[in-house]
Amino acid sequence: MPDTKHCPNCGGTLQDFRRVTAAEESFIAGRVGIKDAPGYWRCANGGCLWVQPYFNQAKGFSLPESFR
């Protein structure tokens, strides 16, 4: 069963989320620290760039366009 969450980049609608890839995690680690980066998930809706910790949307942000 997919993990669904509200995605602010997709208008706040429920979207499927997936674990971030190694490349995404590396970028996130540079922004939030190595300890917290593995807990991030990415919206799986097409080219959406939103990532967030599994249980904390307030700490989410958009990845750069290069990750599209």
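This passage looks at a five-stranded sheet, then at R42 and A22. The model is a predicted one, so to speak only of what it supports, local features need pLDDT of at least 70 and side-chain atom pairs count only at pLDDT 80 or more, while totals for chains, interfaces and linings use all residues. Residues are numbered from 1 along each chain as its sequence is written, and side-chain values use heavy atoms, with hydrogens and water left out.

The five strands line up as an open sheet, in the order β1-β2-β3-β4-β5, with antiparallel pairing. Here a strand is a DSSP run of E with at least two residues, a helix is a run of H or I with at least four, and both are numbered from the N terminus; two strands pair if DSSP finds at least two bridges between them. At the edges sit β1 (3-6) and β5 (61-62), each pairing on one side only. Strand β2 (residues 14-19) runs antiparallel to β3, and three bridges join the two.

R42 belongs to strand β3 (residues 40-43), and R18 stands opposite R42. With a relative accessible area of 5%, R42 is buried (buried is under 20%, exposed over 50%, partly exposed in between, using a 1.4 Å probe and protein chains only). The side chain of R42 makes a polar contact of 2.5 Å with that of E24. Such a contact is a pair of N or O atoms within 3.5 Å; within protein, one must be able to donate a hydrogen and the other to accept it, and residues adjacent in sequence count only if both atoms are side-chain atoms. A polar atom of the R42 side chain also lies 3.2 Å from the backbone oxygen of F67.

A22 is part of helix α1 (residues 22-32) and is exposed, at 67% relative accessible area.
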